[in-house]
Amino acid sequence: MLSGSFEGQPAKERSILSVQHHIRQERRSLRHGSNSQRISRGKSLETLTQDHSNTVRYRNAQREDSEIKMIQEKKEQAEMKRKVQEEELRENHPYFDKPLFIVGREHRFRNFCRVVVRARFNADLLGLVTYLDWVMIIVTICSCISMMFESPFRRVMHAPTLQIAEYVFVIFMSIELNLKIMADGLFFTPTAVIRDFGGVMDIFIYLVSLIFLCWMPQNVPAKSGAQLLMVLRCLRPLRIFKLVPQMRKVVRELFSGFKEIFLVSILLLTLMLVFASFGVQLFAGKLAKCNDPHIISREDCHGIFRINVSVSKNLNLKLRPGEKKPGFWVPRVWANPRNFNFDNVGNAMLALFEVLSLKGWVEVRDVIIHRVGPIHGIYIHVFVFLGCMIGLTLFVGVVIANFNENKGTALLTVDQRRWEDLKSRLKIAQPLHLPPRPDNDGFRAKMYDITQHPFFKRTIAVLVLAQSVLLSVKWDAADPVTVPLATMSVVFTFIFVLEVTMKIIAMSPSGFWQSRRNRYDLLVTSLGVIWVILHFALLNAYTYMMGACVIVFRFFSICGKHVTLKMLLLTVVVSMYKSFFIIVGMFLLLLCYAFAGVVLFGTVKYGENINRHANFSSAGKAITVLFRIVTGEDWNKIMHDCMVQPPFCTPDNSTYWKTDCGNYAGALMYFCSFYVIIAYIMLNLLVAIIVENFSLFYSTEEDQLLSYNDLRHFQIIWNMVDDKREGVIPTFRVKFLLRLLRGRLEVDLDKDKLLFKHMCYEMERLHNGGDVTFHDVLSMLSYRSVDIRKSLQLEELLAREQLEYTIEEEVAKQTIRMWLKKCLKRIRAKQQQSCSIIHSLRESQQQELSRFLNPPSIETTQPSEDMNAINQDNSAQPEKQQQSCSIIHSLRESQQQELSRFLNPPSIETTQPSEDMNAINQDNSAQPETSSQQQLLSPTLSDRGGYRQDTGDAGKHCPQRKIGQWRLPSAPKPISHSVSSVNLRFGGRSTVKSVACKMNPMSDAASCGSEVKKWWTRQLTVESDESGEDLLDI
């Protein structure tokens, strides 16, 4: 949604985290529908175009939100509807959810059975299934191991030791089914045992095992019901499909699209039927010939003829004159080729099915050309092209596409597939475990630079390849060439010892041990040193064999030294991990077919491909034969050997283990079904998984959401932050890791500070402030680097959006809370500063008063002379008293200026005393004789007692005084004032030079000074109020 540049910065210079963050912010701003999206009149064309695009984007965002909400609401409604139906059934149907219609819904015994059935481990691997299922898996495996010891010559009916495993399996399965039936019900309950094919298979396997254990037939004729029961008993390994949820999921994904597979199978069968019908018209009766090569017509093919016997075709026996080669007489027979014919549609379709597998089709073509004509070879070529190149490929493609579709891969968009690929790559990504370079520039630092240099690594890789070349010649103790080869290998071993030593010095022993690749190198190098010691001590064939093994082990270490080889190795490892359950399922099918093959073909006579190396006499040999069939090696010939019928074998109707004949119908179904399921379905699924993983690691940069370089950069930064190399770091270190990231994963704190806060809080929220792992941080970065609306599926998208909304709200709350704390802290600091200013002003005033009232601390100019002059001229100088009042007025003004300067005048409520002062000055000038009735006006800063007294006296008629206001003393006292030359300094700036008190003629200077001192002490010594309300009033 964002393109071009953002704030003047080119898009290519911005990290993908920043781009996706702004995309989400813009989408959410559009979701709220701000007024800026509206189009109004009077705008320019560019503004109208931009507003139109914004409106379109706003509507698209609303449409996306409505679609997601609609899907979510439908899902919730369906779940609610199901719950309502279930509750309705519980209320209206008394037998609903009652096992066997007997046990109550909340019966104690049923609750006990539920606890036993549903109990499981909390661990990931052990918690895969419940305790009960783990027990049954172990019992089933033990029973299968017991069945592997069965053979036509050691049968379970006649072996008491094998019967023990049979009894144990039936008893444990009886207990399991009873517990599950009592807990969940047999059928007609929400979680019944028989509610899908898996439950039906469990009951079927249990009934077959129970019937066989109760019957235990002593004689089992061939092609009888008892033999069929023994074949059905071989399905026991399939129980593991039902017990393991992942394997059950694989089967469901594979066969949920059975309709498409069935339609393609019908198409192939139709194609085979058409060609088989046409082949019958062309070749019926034309492929047979007489076994005597001298007979051509069918009418002459009768009687017997002698066939010569020779040990080898190239063996030339020296015969005497008239002596014949050894041989014997056989009857002449007019017969078709042993493995195929076109005499009827069934045989023709079987032959074409073998041709469709590309096994033996050349033999069929050659026989047709030899016995019918060269032109008829086109028939086989056309069928191979249409059936194999098109039809069979279509069948395989449908199977793979159906598997991917049911797994969900085929229905994903391109962005969703990229996201799934990214998650798969992130799962196998691991920290580098590479110690940092030593800080100093000493010997260790030089060793570190040498061992980490690309030239050093390439040199070691070349030496490993050179040592591997030494195995191109067999190491034989009797051969003189072996000694120099072993000596060269010893030299290479010492070089590798030097390499390991240099790495240990550079990284320290603990740092070297942290890497798994270094551990493997140390192990192989230690084996090489042991081999060198044994080689020079013994010098025999065993030491040479050990040296060859060490070289082979060393060769595998080269895979981790190159990026491409490492990616190929990871492809194989991931493919094996993803296809683990498919491989296990294929082995279980192989085991079932092996047990059935022992029962059906355990005593078949040897033929062209059934011999002492490949037969079904035991389960182990049957597994090797079936594994050979999986590769497609002559499976059709083995099938025809197992179809042998009289007169080419000896039948026995009493027991199947006394006959050497095969089973025609059984072999046909057995081998064809096995080849289709294993070769056409399972193996192609493995190929599809490998191809998918190969494209995962070798996708282009355009197809990757996070490239290999991005992951490598993150691994390097993680290696710097994780100094202990444990794979986990504390949550507070995530901030340092995010600040160190550069390139596409960089977070610009100047422009994306909010994104940085969201990422840090996400780690703290998800892990409760504990340690975070390598994959936790990488997963968070991956979610932040993609457009979740395009890449995530619905359920994952809803969960992620809910998480991000929660994180945004919490971060916003934290931001507001921190802002309020800072504001309160700033206000408190300002209050404290105001209080300190008031205290400092009070102290300065006290100091000035103490200096004025205490003669030793007040600088006066001739006080005795001034006082004498004042006493003499007291009645004759009214002008001096007026001058004193004016000086007092100036003193008040200077004090008011100081207070307004320090106490922030806009917030200080003061009453200007100018009018009062003018009135006082007028009274002083008009009535100098009553100057004793005047009293000084002074600022009241902390006189709480006076404040309360005034309030109590005045009541409601007198407004309350606040800090900083001026007022008259409550009880004026008769004090006369005179002026003397005095220096007073307020705050170190204002100076009043002459202040004197004209005292009463009957009092002296001491009484005047004590009176003034008491008044100022009463005004200034009261403790100031430092509460928040008074400070806010200031």
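Visitor: Which elements of the protein chain have the lowest and the highest mean pLDDT?

Guide: Helix α36 (residues 1028-1033) has the lowest, at 33. Helix α4 (residues 131-147) has the highest, at 95. This is a predicted model, and pLDDT is the predictor's confidence on a scale from 0 to 100.

Visitor: What is the average pLDDT of the protein chain?

Guide: The average is 78. A score of at least 70 is reached by 75% of the residues.

Visitor: Where is the pLDDT below 50, and how many contacts does that stretch have?

Guide: Residues 905-1005 are below 50. Beyond near neighbours in sequence, the model gives this stretch 194 contacts. Residues 1019-1034 also stay under 50. Here the model has 38 contacts beyond four places in sequence.

Visitor: How many aromatic pairs does a search of the whole structure find?

Guide: The search finds 29. One of them is F395 with Y680.

Visitor: What makes F395 and Y680 an aromatic pair, and why is it called edge-to-face?

Guide: Their ring centres are 6.3 Å apart. The cut-off for a pair is within 6.5 Å, so the two rings pair. The planes stand at 70°. Angles over 60 degrees count as edge-to-face, so the name fits.

Visitor: Why does the pair of F395 and Y680 tie together parts that are apart in sequence?

Guide: F395 lies in helix α13 (residues 377-407) and Y680 in helix α24 (residues 664-697), so the pair joins parts 285 residues apart in sequence. Both F395 and Y680 are buried.

Visitor: Why is the pair of F601 and Y670 called edge-to-face?

Guide: The planes are 80° apart, and the term needs over 60, so edge-to-face is right. The centres lie 5.3 Å from each other. F601 lies in helix α21 (residues 580-601) and Y670 in helix α24, so this pair ties parts 69 residues apart in sequence. F601 and Y670 are both buried.

Visitor: Which residues form one aromatic cluster?

Guide: F275, F278, F283, F342, Y379 and F383 do.

Visitor: How do you know that the charged end of R155 sits over the ring of W657?

Guide: The charged end of R155 is 3.9 Å from the ring centre of W657. The distance limit is 6 Å, so that part of the test is met. R155 is listed as sitting over the ring. K98 does likewise over Y95, at 5.8 Å from the ring centre.

Visitor: What share of the residues of the protein chain count as buried?

Guide: Of the 1034 residues, 42% do.

Terms used:
Residues are numbered from 1 along each chain as its sequence is written. This is a predicted model: local features need pLDDT of at least 70, side-chain atom pairs count only at pLDDT 80 or more; totals for chains, interfaces and linings use all residues. Side-chain values use heavy atoms; hydrogens and water are left out. Buried means under 20% relative accessible area, exposed over 50%, partly exposed in between (1.4 Å probe, protein chains only). Rings of Phe, Tyr and Trp (its six-membered ring) pair if their centres lie within 6.5 Å; planes under 30 degrees apart count as stacked, over 60 as edge-to-face and the rest as tilted. Helices (H or I, at least four residues) and strands (E, at least two) are DSSP runs, numbered from the N terminus. A charge sits over a ring if NZ of Lys or CZ of Arg is within 6 Å of the ring centre and within 35 degrees of the ring normal. Contact means heavy atoms within 4.5 Å.
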